[in-house]
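Welcome! Here is a short briefing to help you find your way around a new structure. Take a look at the sequence and the model first, then read on.

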Amino acid sequence: MSNLNYSISNINQTISYVVDRDLKIVLSVSSCVIFLYVNGVMIFTLRKKTVFQETSRYILFGHMLWVDTLNLFMSVVLFVCAVCRLFVMKIACLILLVAATSLFQASILNLALMSLERYVAICIPLRHAEITTCGRTNMAIGVVWALSWIQSVSEIIIFYSVDTNTAMYFFCSKTTLFRLQVYKQLDIAFTCVFFISVCFIIIFTYASIAAVAKTASGDKMSAKKANKTVLLHLIQLGLCAASILVGVIQEVIYVYTDLMTSLSVMYFCFVTFMIFPRCLSPLIYGMRDQAFSSLFKYYFTFGLKRKNSCNTEIH
């Protein structure tokens with residue numbers, strides 16, 4: 001009788017785990033699909049007006065949308081693999097992890113670029129058009145990608161020259177694939193350099209724009225709006241910094257807690273630190289920009305919402 005009760009208890013726990021897991025996957029994937037659609041419409045909107053393709057602010061905004069979209073998609077893939085405990089081929093896992101690392105770092109560095117663009121626009125307005133040309137903006141984006149790939153290329157070189165891990169399939173995570181201590185040292189070094197540098201740039205631009213907003217005799221509203229944008233970038237950077245702790249949290253809960261608790265904590269971390277920061281991008285730029293938001297709303301509702309008079313020239 002006790003064996004029967006034990007078996008029934010195990011079956012109930014298994015059913016509860018499967019239902020809870022599937023529910024979390026459905027909620028996560030469906031919410032990500034919504035945000036991917038929003039980002040997709042924004043990218044489409046940026047292609048509909050020449051001014052959006054020739055202005056540095058919107059070029060950087062479009063780059064941020066592409067990076068966040070790819071980052072969100074990569075995060076969903078890794079999350080589903082983790083929750084379903086899927087074993088992935090070594091080469092596929094390596095590609096996913098190094099791509100995710102590069103996208104994450106590109107997203108952080110792009111925040112610094114966008115803050116610097118606002119700094120030039122408010123603090124050096126007479127030279128803004130000269131400094132932030134399309135060519136220079138695209139060159140800066142190229143530098144961002146070059147910097148963001150340094151760590152990933154280093155990890156690939158170490159993996160194939162030093163790492164002796166010969167297993168063909170992995171539970172895909174940095175903990176299982178990058179097991180040597182050198183990976184952790186490399187990750188800590190790059191993380192500190194990137195976050196300290198970007199944090200310094202954002203704080204510097206925030207303080208400079210705040211000083212202009214207090215002393216300028218001209219358009220103070222533009223300076224205050226730019227300062228709020230930079231402050232939101234700082235909040236977004238803080239959330240990105242918090243996402244670094246996700247891996248550490250997952251390692252701890254995997255060792256010291258049961259499966260259901262581990263799954264719940266993983267889901268909370270994924271929503272809070274992976275999905276939510278990616279949703280700040282439309283809030284920071286898309287919805288706060290009048291020239292862009294009305295056109296975006298038109299395309300987002302498939303043309304059901306009438307455009308205002310300032311956007312009638314797109315047809």
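Leucine 234 is a good place to begin: its relative accessibility is 28%, so it counts as partly exposed. Please keep in mind that this is a predicted model. From this leucine we can move out to the whole chain, and then to a few other residues and helices.

**Around leucine 234**
- Leucine 234 sits in helix H10, which covers residues 220-243.
- Setting aside neighbours within four places in sequence, leucine 234 is in contact with Cys199, Ile202 and Ile203.
- Leucine 234 and leucine 111 are separated by 123 residues in sequence, yet their C-alpha atoms are 8.4 Å apart in space.

**The chain as a whole**
- The chain holds 13 helices and 2 strands.
- Of its 315 residues, 45% are buried.
- Among contacts with a separation of 6 or more, 78% join residues 24 or more positions apart.
- About 16600 Å² of the chain is exposed, and carbon and sulfur atoms supply 70% of that area.

**Helix H4**
- Helix H4 takes in residues 90-123, which makes 34 residues.
- From its first C-alpha to its last, H4 reaches 49 Å, close to the 50 Å expected at 1.5 Å a residue.
- Is H4 largely enclosed or largely open? Of its 34 residues, 28 are buried, so H4 is largely enclosed by the rest of the structure.

**Threonine 69, a buried residue**
- Threonine 69 belongs to helix H3, residues 56-83.
- Its relative accessibility is 16%, and because the limit for buried is under 20%, threonine 69 counts as buried.
- Beyond its neighbours within four places in sequence, threonine 69 is in contact with Leu36, Asn39 and Ile43.

**Tyrosine 160 and a nonpolar patch**
- Tyrosine 160 lies in helix H7, which spans residues 150-161.
- With a relative accessibility of 52%, tyrosine 160 counts as exposed, since exposed means over 50%.
- Tyr160 joins Met89, Ile91 and Ile95 in making a nonpolar surface patch of about 400 Å².

**Cysteines**
- How many disulfides does a search of the whole structure find? The search finds 0.
- Cysteine 32 has 1% relative accessibility and so counts as buried.
- Cysteine 192, at 38% relative accessibility, counts as partly exposed.

How values were computed: Residues are numbered from 1 along each chain as its sequence is written. This is a predicted model: local features need pLDDT of at least 70, side-chain atom pairs count only at pLDDT 80 or more; totals for chains, interfaces and linings use all residues. Side-chain values use heavy atoms; hydrogens and water are left out. Patches are made of residues with over 30% relative accessible area and no salt bridge: like charges are joined within 9 Å, nonpolar side chains (Val, Leu, Ile, Met, Phe, Trp, Tyr) within 5 Å. Accessible areas come from the Shrake-Rupley method with a 1.4 Å probe; for residues, only the protein chains shown count as cover. A salt bridge is a side-chain nitrogen of Lys or Arg within 4 Å of a carboxyl oxygen of Asp or Glu. Helices (H or I, at least four residues) and strands (E, at least two) are DSSP runs, numbered from the N terminus. Buried means under 20% relative accessible area, exposed over 50%, partly exposed in between (1.4 Å probe, protein chains only). The expected span of a helix is 1.5 Å times one less than its number of residues. Contact means heavy atoms within 4.5 Å. A disulfide is a pair of cysteine sulfur atoms within 2.5 Å.
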